[in-house]
Amino acid sequence: MEWSDVRIFLAVARAGTLGGAARSLQISHPTVGRRLRALEQALGHTLFQRTADGLVLTEEGHGIVALAEQMEEGALAVERRLAGQEQTLKGSLRISSADWFGAYVLPPILADFSKAYPNVDVEVLTGTRLFNLAQREADVAFRIVPFNTADVVQRRLFRLDYGIYIAEEADDPAYGDGTGFRLITHDTSTGHFPDIAWLLESFPNARPVLRSNNRNVQGRMCREGIGIAVLPRVVGNQIPGIRRLDLPATPPARDIWMGYHRDLRRLGRLRAFISTVSNHLVNATA
């Protein structure tokens, strides 16, 4: 049994389709199908049942998932350990963050980093998905909540302040009321957002009319006059056409965390990037 075939088996099990597995592994659809058939032939068992909705694990397939994941963790541990011992400042660095962080916080940091280390190729992955650091889906991640796994080295970077924004030409809403105004809110299906709860409580008579899981979208819609939005100040202060309201109270702040797998703590390009981040934070708070 080859590890590359086991890797394909796990990708198919997680995606449920050959196409989904191919995209996650960045290989061709026929290659996935061919290697999966080879694995089934080598084992002498059918691992997936073909259905109209995709591929479903058979009883035999279910029986080896845990073992395959153990093989995966061992292979990934080897990769991380070897990567963590690399001292050359070249190669790739994959960064994961929320969309607004990637658009409004990272650019000046990455500009300096790229000038200082031109042989490092940077990939920035943004969105609501939490990438798995143990599986090398990302080398370093920035999040608004602490990391909850013991193998992640994490650091609290800074306190994130929020503000209430409205289109420049709009009138000021009455704090504690909001009658006649509309609200732009956040998709809360992925968790609780204290700033959104504060917005709804502070303008109880305003009508929520638009919801988005993207802070940049919220800011642009606010600029178009659609409604009041609560945004990280680092975002709202950089969007032209909107202004921050001066209110008797402010939305609750949150912490920004940076984390990376402990096996990568000696990776030269990661250490250089962390140093660049630290320098920017020192200058920003000086």
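Helices and strands here are DSSP runs, numbered from the N terminus, with at least four residues for a helix and at least two for a strand. The model you are looking at is predicted. Let us explore it through a few exercises.

**Exercise 1. Find which element gives the most to the lining of the second largest pocket, and describe that lining.**

Step 1. Start with the pocket itself: its volume is about 560 Å³.

Step 2. Look at the lining, which has 24 residues; Ala98, Thr128, Leu130, Ile144 and Phe193 lie nearest the centre. Two or more lining residues come from each of β3, α5 (99–104), β5 and β12.

Step 3. Helix α5 gives the most, with 3 residues.

Step 4. Sort the lining by class: 10 residues are nonpolar, 9 polar and 5 charged.

**Exercise 2. Work out which elements supply the lining of the largest pocket, and how its residues divide by class.**

Step 1. The largest pocket has a volume of about 890 Å³.

Step 2. Its lining counts 28 residues, and nearest the centre you will find Ser24, Arg94, Gln135, Arg136 and Glu137.

Step 3. At least two lining residues come from each of α1 (3–15), α2 (18–25), α4 (59–84), β3 and β4. Helix α1 gives the most, with 6 residues.

Step 4. By class, the lining holds 11 nonpolar, 4 polar and 13 charged residues.

**Exercise 3. Trace the sheet that contains β12, and explain why β4 and β6 each have one side without a neighbour.**

Step 1. Write down the strand order: β4-β3-β5-β12-β6, an open sheet of 5 strands with mixed pairing.

Step 2. Read off the edges. β4 (120–126) and β6 (152–160) each have a single partner strand, so one side of each is left without a neighbour in the sheet. From one strand to the next, the twist averages 20 degrees.

Step 3. Follow β12 (residues 254–261) to β6: these strands run antiparallel and are joined by 8 bridges. Arg159 has Asp255 as its bridge partner, while Leu160 stands opposite Arg254.

Step 4. Now turn to β5, which pairs with β12 in the antiparallel sense over 3 bridges. Here Ala141 is partnered with Gly259.

Step 5. Add the helix: α6 (residues 106–116) lies across β3 (91–97), β4 and β5 (140–143), at about 170 degrees to β4.

**Exercise 4. Decide whether the two faces of β12 are covered or open.**

Step 1. Use the cut-off: a residue is buried when its relative accessible area is under 20%.

Step 2. Check one side, where Arg254, Ile256, Met258 and Tyr260 are buried. On the other side, Asp255, Trp257, Gly259 and His261 are buried too.

Step 3. Both faces are therefore covered, and the count for the strand is 8 buried residues of 8.

**Exercise 5. Describe the sheet that contains β7, and name the helices α7 and α8 lie across it with their angles.**

Step 1. This open sheet of 5 strands has the order β9-β8-β10-β7-β11, and its pairing is mixed.

Step 2. At the edges stand β9 (207–212) and β11 (242–244); each has a single partner strand, so one side of each lacks a neighbour in the sheet. Neighbouring strands are turned by 35 degrees against each other on average, direction ignored.

Step 3. Strands β7 (residues 162–167) and β10 (residues 228–232) run antiparallel, joined by 4 bridges. One of the pairs is Tyr162 with Pro232.

Step 4. Helix α7 (residues 194–202) lies across β7, β8 (182–186), β9 and β10, at about 160 degrees to β8. Helix α8 (residues 215–223) lies across β7, β8, β9, β10 and β11, at about 140 degrees to β10.

How values were computed:
Residues numbered from 1 in each chain as written. Predicted model: local features only at pLDDT ≥ 70, side-chain atom pairs only at ≥ 80, totals over all residues. Heavy atoms only, no water. Pairing = 2+ DSSP bridges. Axes fitted to C-alpha atoms, helices over the stretch in contact; angles between N-to-C directions. Contact = heavy atoms within 4.5 Å. 1 Å grid on protein atoms, 1.4 Å probe; cavity = no way out; pocket = protein on both sides within 12 Å on 5 of 7 lines; lining within 4 Å. Points joined across faces, edges and corners; volume = space filled by probe spheres on them. Nonpolar A, V, L, I, M, F, W, Y, C, P; charged D, E, K, R; others polar. Buried < 20%, exposed > 50% of the residue type's maximum accessible area, 1.4 Å probe, protein only.
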